[in-house]
Amino acid sequence: MRTNASVFMLFLFSGVYSYSQNSSIEAVRISQAPKIDGVLDDAAWKNAPVATNFIQNSPNVGAAANQKSEVKIVYDNNAIYIGAYLYDDPAQIRRQFTARDEEGQKDVDYFSVFFDTYHDRQNGFQFLVTSANVQSDAKLDPNAKTEFGIYGDKTWEAVWNSEVSIKSDGWVVEMRIPYLSLRFPKADIQSWGLQFLRFVRRNNERSFWKEVKPEINGFTNQFGDFNNLKDLKPPLRLSFSPYVSTGIRSSPDDANGFHKTWLRNGGMDIKYGLNESFTLDATLIPDFGQVVSDNVVNNLTPYEQKFTENRPFFTEGTELFNKAGLFYSRRIGRTPSKYFSVRAMGTDPNIEIEKNPSVTQLINAIKFSGRNEKRLGIGVFNAVGAPMHAIIRDKTTGERTEIETEPLANYNILVFDQALKGRSYISFTNTNVIRNGSDRDANVSAFDFAAFNKKGSHVFQGTARYSKIWAATSLDGYNTTFKYSKVSGSWRYSLSNNIVSENYNPNDLGILTSANKIVNSATFSYKQFTPTRNFITYSHELLVQYNLNYNPRAYSTFRFATTSFWLFKNFWEISLNTIIVPVPFHDYYELQTPGKFIRYRENYQSELSGSSDSRKKFYFEYAAGYSVSPAFDNKFYHWKLGSQFRFSNKFTLGIKADKTFEEENRGYAFLRETNGDPIAGKRDLTNFETILTGIFNFTSRQNLTLRARHYWNKVIYNKFYTIDVDGNFVDRASPVAPGGNDENFNLFNVDAFFTWDFRLGSRLIIGYKNWLGENEFIDGVVNKKYLNNLGELFKVRHGNELTLRFIYFLDYNQLRKKR
């Protein structure tokens with residue numbers, strides 16, 4: 001019995017020991033690179049160490065993976081090579097084709113490798129391959145999280161190779177990641193952070209080679225080690241991506257016809273590795289015409305609408321420039337500042353607008369970034385916007401006048417980011433905009449830091465910003481933030497203070513929706529990481545916030561907010577959000593007038609949302625919300641319903657409808673008294689948005705995508721007020737006639753793209769766009785309902801655009817070999 005017990009204990013200890021040892025791999029240099037064909041029969045793989053014994057991160061945290069995985073990794077002077085044998089029943093492997101970087105919530109298995117090349121436990125790279133051989137990649141940063149399959153910035157795209165094959169007992173991934181797509185320090189012997197991930201879709205099992213514990217804050221700090229990479233001597237990292245584009249645009253003119261424009265452009269992107277650590281990216285005469293249309297709304301708020309960046313140059317490799325939150329890249333190449341004033345001239349029957357560009361052309365843009373052997377990140381960004389001009393013609397005299405709508409401008413960012421021990425960091429960022437002539441110039445300097453304790457469970461963070469604007473009247477301001485948080489474990493909390501002075505303004509190159517405030521916040525949260533009887537996980541959070549106006553120093557808002565989330569065993573999700581404002585609050589922004597505020601009353605908001613199991617062919621999501629402010633008899637209703645059907649592994653179609661309706665909303669009516677005082681209004685607001693999306697994947701590198709959006713907004717004013725010195729609504733002595741400021745606002749866009757990645761880094765795109773003409777309006781008196789407006793859309797004039805874009809990737813080393 002003792003012998004048997006000893007054998008059992010030895011066996012048990014060996015099993016535990018094997019799991020504890022899967023945290024490091026010795027680097028193996030090869031002399032002959034393997035052929036990337038999805039078959040691991042090359043000599044390079046024979047002596048490579050094997051990483052196995054993956055551990056689940058979800059749904060059964062800490063348990064051994066249900067499917068066996070074996071991963072090998074080798075390197076030479078050109079690239080890193082990964083070979084993974086992922087054992088499984090081939091009949092159960094999910095193989096949906098997706099667009100690049102779009103594997104999330106799709107019916108597909110995938111494998112991923114992560115590198116922390118500077119071994120700073122903060123930054124890194126991800127390379128992912130699905131079972132359909134669709135690639136995905138991302139840049140990792142210190143704030144990366146492991147929830148729902150998002151680990152970093154997926155807008156970054158690298159050039160690398162992969163192949164997969166299906167076997168009788170699983171599937172195989174083979175990857176080649178050239179040093180062209182990596183950055184690492186200059187050292188004779190290096191150790192990198194290393195992690196492998198396998199995702200099995202049929203049971204949503206996510207497992208890692210080196211265990212990733214969800215209760216521990218951070219991701220890259222939980223990597224294993226890739227040791228003793230010796231004498232890395234990569235070839236010259238130099239690549240060119242020249243492009244040409246052409247097309248035709250047909251836009252409704254001011255009369256009843258159409259104005260046709262031939263589109264033609266050409267330019268080049270250049271990537272040059274100055275050394276192992278630093279890379280220079282440049283784009284010459286960029287063309288950003290083939291991007292998805294913005295989700296423009298009829299903005300009745302005092303806050304600027306923020307749009308998503310879809311231009312590749314400004315999304316790829318910009319995580320260092322975004323660290324301080326001062327880079328809103330849509331400022332570059334924006335709509336010229338005087339575009340709308342020129343367009344308004346077209347209402348004069350004697351004026352014809354012959355030319356009025358809606359986008360500022362860029363001359364060039366460069367990015368220099370990297371991190372040295374001392375883990376100091378350095379980034380330099382510069383872009384030059386061309387001066388833009390409009391031309392108007394006097395129909396009576398025939399005289400033409402040129403109007404400068406945007407001056408020549410230089411945009412610049414400088415970043416120093418020092419990674420410290422234990423995921424702490426300190427960074428400095430400077431942004432500045434210099435415009436030609438007497439137009440305004442701006443500068444912002446920022447200091448950021450994070451200090452973690454030894455266990456990484458608590459962090460103290462801080463920021464300090466200073467802005468300076470040179471214009472007709474020079475302004476300067478500051479912004480400070482201090483935050484202390486417990487960031488690990490089931491129970492977490494944070495305490496923060498944010499001060500934004502009256503004249504702080506980073507908006508020439510960044511975005512700040514509101515200044516002149518002091519925000520004090522406290523959050524308390526709990527998350528259940530291990531499965532229970534009914535749930536895979538659930539979480540609850542409470543936010544308490546007390547805000548002040550900065551100048552004059554006065555009370556603004558006091559509110560509570562709660563968020564609860566439940567993930568059921570059947571992978572259905574439910575969220576419940578509430579906001580309670582128990583006492584009146586003062587809104588200093590709504591009237592868009594310094595020194596004026598509105599005194600709003602108590603209000604209560606709640607919203608329930610959720611989704612079904614996304615593994616199924618038919619998937620749906622929903623939301624329903626209700627808010628009330630009893631003192632104003634103000635009620636707000638919201639509902640959203642979306643569905644998606646996967647017809648096959650190649651074709652998916654989805655639709656979303658989102659409606660809000662608010663009774664007795666009170667706010668700025670965009671009207672002024674003769675003395676300039678703002679006029680407020682009581683109004684009924686209706687918003688309805690429908691989005692149709694579809695994708696057909698011909699192969700892993702050929703797809704056709706479609707996105708159509710209709711947005712309808714109706715505003716009906718019932719009454720108008722003045723606001724007294726205490727912020728109260730006062731009936732006007734001579735009220736503005738109701739209906740004089742009503743709106744019926746429609747937008748419609750269609751974006752369709754055929755994309756073919758015909759070789760590594762090279763792409764052909766055929767794009768089609770359709771939109772509602774700028775001067776086309778739908779009568780809201782006659783068409784009071786959503787469907788009426790939708791039907792009328794197809795009776796008015798639309799703009800159309802058809803474009804072709806060809807991009808060809810050239811690697812200098814391949815050209816040299818051929819020569």
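**Strands, turns and buried loop residues**

Modeller: Here is a spot to find: Lys167 sits opposite Gly170 of S10. The model is predicted, so local features need pLDDT of at least 70 and side-chain atom pairs count only at pLDDT 80 or more, while totals for chains, interfaces and linings use all residues. Residues are numbered from 1 along each chain as its sequence is written, and side-chain values use heavy atoms, with hydrogens and water left out.

Colleague: How many bridges join S9 to S10?

Modeller: The general idea is that strands of a sheet pair through backbone hydrogen bonds, either parallel or antiparallel. Here S9 and S10 (residues 170-178) run antiparallel, joined by 7 bridges. Two strands pair if DSSP finds at least two bridges between them. Helices (H or I, at least four residues) and strands (E, at least two) are DSSP runs, numbered from the N terminus.

Colleague: In what order do the 5 strands of the open sheet come?

Modeller: The order is S2-S4-S5-S10-S9, with antiparallel pairing. At the edges are S2 (50-51) and S9 (161-167), each of which pairs on one side only.

Colleague: Which strand pairs with S16, and over how many bridges?

Modeller: S16 (residues 278-284) pairs with S18 (residues 362-371), in the antiparallel sense and over 7 bridges. One place to look is Leu280, whose bridge partner in S18 is Phe368. S18 also pairs with S19 (residues 376-385), antiparallel again, over 9 bridges. In that pairing, Asn364 has Val384 of S19 as its bridge partner. The hairpin of S18 and S19 has 4 residues between the strands, and Arg375 takes a positive phi near 65° there.

Colleague: Where does Arg423, another residue with a positive phi, lie?

Modeller: Look in the loop between S22 (409-419) and S23 (425-435). Phi of Arg423 is near 70°, and the residue is not a glycine. Arg423 is also buried, at 7% relative accessible area (buried means under 20%, exposed over 50%, partly exposed in between, with a 1.4 Å probe and protein chains only). Asn516, in the loop between S27 (491-500) and S28 (517-528), has a positive phi of about 60°. Asn516 is buried too, with a relative accessible area of 13%.

Colleague: Which peptide bond leading to Pro59 is cis?

Modeller: That is the bond from Ser58, with omega near 0°. Pro59 lies in the loop between S3 (55-58) and S4 (69-75). The bond from Asn551 to Pro552 is cis as well, with omega near 0°, and Pro552 lies in the loop between S29 (535-549) and S30 (554-568).

Colleague: What is Asn227 in contact with, beyond its neighbours within four places in sequence?

Modeller: Contact means heavy atoms within 4.5 Å. By that rule Asn227 touches Ser24, Ile25, Glu26, Ala27, Gln190 and Ser191, leaving those neighbours aside. Asn227 belongs to S13 (residues 224-230) and is buried at 17% relative accessible area.

Colleague: How many helices and strands does the chain have?

Modeller: There are 5 helices and 44 strands. The chain's radius of gyration is 29 Å, close to the 28 Å of the globule rule for 819 residues, so the chain is as compact as a globular protein of that length. That radius is taken over C-alpha atoms, and the globule rule is 2.2 Å times the number of residues to the power 0.38. Of the 819 residues, 49% count as buried. The C-alpha atoms fill a box of roughly 100 × 65 × 50 Å, taken along the principal axes.
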